[in-house]
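Subject: Structure for your review

Dear colleague,

Please find below a structure that I am handing over to you. I would be grateful if you would look through it before reading my notes, which follow it.

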Amino acid sequence: MNIEVWITFVLVAVVATANPGPAMLLVSSHSIGFGVAKTVFTIAGNVTGLAILSTLSVLGVGSLLVHTPMAFTAVKIMGAMYLIYLGVRLWRKGLSPLNAKTDSNQKSVISLYAQGVAVALSNPKAILFTTALFPQFIDPNTNLLPQFLLLISTFISLSFSCLLICAVAVRRTFTAIGNSTLYRVIGKLFGGTFIGAGGMLLISKNNPT
């Protein structure tokens with residue numbers, strides 16, 4: 001792949017991964033409640049989901065989904081309902097730096113990873129993005145597999161790095177503050193944001209076709 005093309009892809013991907021969304025919100029809430037070390041599993045789950053979406057877009061499945069209104073709508077509804085579910089749980093339970101101590105390590109790690117995967121796979125914007133992005137940087141006249149591997153690995157690495165920076169920054173900020181009342185308020189805020197995002201996605205009439 002031409003180095004100029006790859007650099008352009010990196011710039012586009014950096015903007016996309018740094019854009020706040022459900023994944024960043026999820027990572028922020030987990031970082032506050034479970035710490036950065038365990039939130040790495042959330043991030044790993046999210047990039048696993050992105051890797052799956054990227055692979056599907058390369059195989060053409062993503063394009064088929066985007067151009068099948070019923071299938072795309074079904075994904076959008078499932079994604080919206082999952083965000084609302086996360087929001088309701090967060091609203092009710094709130095955030096606390098002690099949450100990680102009340103769960104077993106095995107259960108919390110598996111749960112965090114699974115939530116990361118689910119948020120990535122149920123995000124219709126991620127499906128649209130991966131389906132539209134990758135073909136723009138592929139040269140059909142050269143070997144396709146190395147190009148696909150380079151783009152996917154670059155995208156995943158940037159996503160992981162961006163989410164990890166977010167987790168560290170949020171955790172340090174709230175550790176410095178150390179105010180239990182603020183934790184409860186932010187828990188409500190994050191929960192309400194999840195619910196609002198799910199509701200907006202649910203009533204959205206945007207159609208990829």
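What pattern does the chain follow when it is read along the sequence? The pattern is α-α-α-α-α-α-α-α-α-α. In this predicted model, the chain has 10 helices and 0 strands.

Some totals for the chain may help you to get your bearings. The chain has 209 residues, of which 42% count as buried. The accessible surface comes to about 11,000 Å², and carbon and sulfur atoms account for 70% of that surface. If one takes the contacts between residues at least 6 apart in sequence, 87% of them join residues at least 24 apart. One pair of residues may be viewed with this in mind: R92 and G191 are 99 residues apart along the chain, and their C-alpha atoms are separated by 8.2 Å. R92 belongs to helix α5, which covers residues 69–93. The residue is exposed, with a relative accessible area of 71%.

I turn next to helix α2, which covers residues 22–34. From its first C-alpha to its last, this helix of 13 residues reaches 18 Å, close to the 18 Å expected at 1.5 Å a residue. Is α2 largely enclosed by the rest of the structure, or largely open? It is largely enclosed, because 12 of its 13 residues are buried. Among these buried residues are A23, M24, H30 and F34. Just after α2 comes G35, which takes a positive phi of about 90 degrees.

Helix α3 covers residues 36–59, and two of its residues show how much the surroundings can vary along one helix. N46 lies in α3 and is buried, with a relative accessible area of 5%. L59 is also found in α3, but L59 is exposed, with a relative accessible area of 63%. Which residues are in contact with N46, if its neighbours within four places in sequence are left aside? They are A23, G116, V117, V119, A120 and L163. One of them, A23, is among the buried residues of α2.

L59 has a further part in the picture. Together with I52, L56 and L121, it makes a nonpolar surface patch of about 330 Å². The largest share of this patch, 3 residues, comes from α3.

Finally, I looked at the cysteines. As a general point, a disulfide is a covalent bond between the sulfur atoms of two cysteines. How many disulfides does a search of the whole structure find? The search finds 0. C162 is in no disulfide, and the nearest cysteine sulfur to its own is that of C166, 7.0 Å away. Why does C166 not form a bond with C162? The distance between their sulfur atoms, 7.0 Å, is too far for a bond, since a disulfide here requires two cysteine sulfur atoms within 2.5 Å. Both residues lie away from the surface in the sense used here: C162 is buried, with a relative accessible area of 16%, and C166 is buried, with a relative accessible area of 13%.

I suggest that you begin with α2 and then follow the contact between A23 and N46 into α3.

Yours sincerely,
A colleague

Notes
Residues numbered from 1 in each chain as written. Predicted model: local features only at pLDDT ≥ 70, side-chain atom pairs only at ≥ 80, totals over all residues. Heavy atoms only, no water. Helix = DSSP H or I, 4+ residues; strand = E, 2+ residues; numbered from the N terminus. Buried < 20%, exposed > 50% of the residue type's maximum accessible area, 1.4 Å probe, protein only. Contact = heavy atoms within 4.5 Å. Patch = residues over 30% accessible without salt bridge, like charges linked within 9 Å, V, L, I, M, F, W, Y side chains within 5 Å. Areas by Shrake-Rupley, 256 points an atom, 1.4 Å probe, with all protein chains shown as cover. Salt bridge = Lys/Arg side-chain N within 4 Å of Asp/Glu carboxyl O. Expected span 1.5 Å × (residues − 1).
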